[in-house]
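Work through these exercises with the model open beside you. Try each task before reading its solution.

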Amino acid sequence: MRKNIVAGNWKMNKTLQEGLALATELNDLLATTKTNCDVVIGTPFIHLASVAAAVDTTKLGVAAQNCADHVSGAYTGEVSVGMVKSTGAQYVILGHSERRAYYGETSAILKTKVELALAEGLTPIFCIGEVLAEREAGKQFEVVETQIKESLFDLSAADFGKLVLAYEPVWAIGTGKTASAEQAQEIHAYIRGVIKAKYGAEVADNCTILYGGSCNAKNAKELFANPDVDGGLIGGASLKAADFMGVIAGFDVA
Ligand code: PEP
């Protein structure tokens, strides 16, 4: 069934102590808040085990921000899906535009990472999205469709059904420039249509598609009100508990 999810992406921020403090603050706030979405935090690798041990992971899911494209072996500095899973993390963010742009992650590499993550029982949060020049050229639909097809369309329907997608227009990430609610709905509906054409209506209807890109406490409610926007992947506004709780309140809380 389609879930609402608000997921934080801390990127390369917070020392271990700062990260633990934020995670426990969120954990305590969520213990006394009735949310209408699942909540996840994507921490640096070295925080995962401590954070997963410190929080109630049934209320506050834990995500890695990347994983290796190999199972194990001589890959110095890499972190495997098995290692991520062994920390207690349940999710892995894959295909973030920063990984694609700065670390050369191609659709083929990401396809391998998604398959390894699924085989390990991790839920990939798979990011797609166009850069500004592509949006200005009206190519955003083509770009996201290609990203989905190249990395995900060899999956079985059952495996595809385990994924979370995050549409993140690159021009909106960390820029303070958010896609309008109409722009978000338009492309989320398109993405759902692409999934429907390949896997059928049930898989498409059940797929959680998050919006990411300067989403914050002020604009979350309007973005999340769209029928095809099932939550957010949140960078800057996930770094302080009050800001992140404000985004979560975009789905109303009690
Ligand atoms: C992100 O990095 O996934 C993101 C959406 O960042 P921000 O919210 O800061 O734009």
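**Exercise 1. Find the polar atoms that the ligand's oxygens meet, and say how far the protein covers the ligand.**

Start at Ser214. One of its polar backbone atoms is 2.7 Å from an oxygen atom of the ligand. This is a predicted model, in which local features need pLDDT of at least 70 and side-chain atom pairs count only at pLDDT 80 or more, while totals for chains, interfaces and linings use all residues. Residues are numbered from 1 along each chain as its sequence is written, and side-chain values use heavy atoms, with hydrogens and water left out.

Next, go to Gly236. A polar backbone atom there is 2.8 Å from an oxygen atom of the ligand. Then take His96. An N or O atom in its side chain is 2.8 Å from an oxygen atom of the ligand. Now the cover: the protein hides 95% of the 290 Å² of accessible area that the ligand has on its own (Shrake-Rupley method, 1.4 Å probe; for residues, only the protein chains shown count as cover).

**Exercise 2. Sort the residues around the ligand by type.**

Count the shell. It holds 14 residues, each with a heavy atom within 4 Å of the ligand. The closest are Lys11, His96, Glu168, Gly174 and Ser214. Then sort the shell: four residues are nonpolar, eight polar and two charged. In this scheme Asp, Glu, Lys and Arg are charged; Ala, Val, Leu, Ile, Met, Phe, Trp, Tyr, Cys and Pro are nonpolar; the others, Gly among them, are polar.

**Exercise 3. Compare the settings of Ser214, Asp252 and Ser80.**

Begin with Ser214. It sits in the loop between strand E7 (208–212) and helix H11 (220–224). Its phi is positive, about 55°, although it is not a glycine. Is Ser214 buried or exposed? Its relative accessible area is 17%, so it is buried (under 20%; exposed is over 50%, partly exposed in between; 1.4 Å probe, protein chains only).

Move to Asp252, in the segment after helix H12 (241–248). This non-glycine residue also has a positive phi, about 70°. Its relative accessibility is 42%, so it counts as partly exposed.

Finish with Ser80, in the loop between strand E3 (61–64) and helix H3 (81–86). At 7% relative accessibility, Ser80 is buried. Its side chain reaches the backbone nitrogen of Met83 at 3.1 Å, a polar contact (N or O atoms within 3.5 Å; within protein, one must be able to donate a hydrogen and the other to accept it, and residues adjacent in sequence count only if both atoms are side-chain atoms).

**Exercise 4. Check the span of helix H9 and list its buried residues.**

Take the span first. H9 covers residues 181–199, which is 19 residues. From first C-alpha to last it reaches 26 Å, close to the expected 27 Å (1.5 Å times one less than the number of residues). Then list the buried residues: Ala181, Ala184, Gln185, Ile187, His188, Ile191, Arg192, Val194, Ile195 and Tyr199. Look at the spacing with this in mind: an α-helix has 3.6 residues a turn, so residues three or four places apart point the same way. Gly200 follows H9, with a positive phi near 95°.

**Exercise 5. Decide how compact the chain is.**

Count the elements: twelve helices and eight strands (DSSP runs, numbered from the N terminus; helices are H or I with at least four residues, strands E with at least two). The radius of gyration is 17 Å, close to the 18 Å of the globule rule for 254 residues, so the chain is as compact as a globular protein of that length (taken over C-alpha atoms; the rule is 2.2 Å times the number of residues to the power 0.38). Buried residues make up 51% of the 254.
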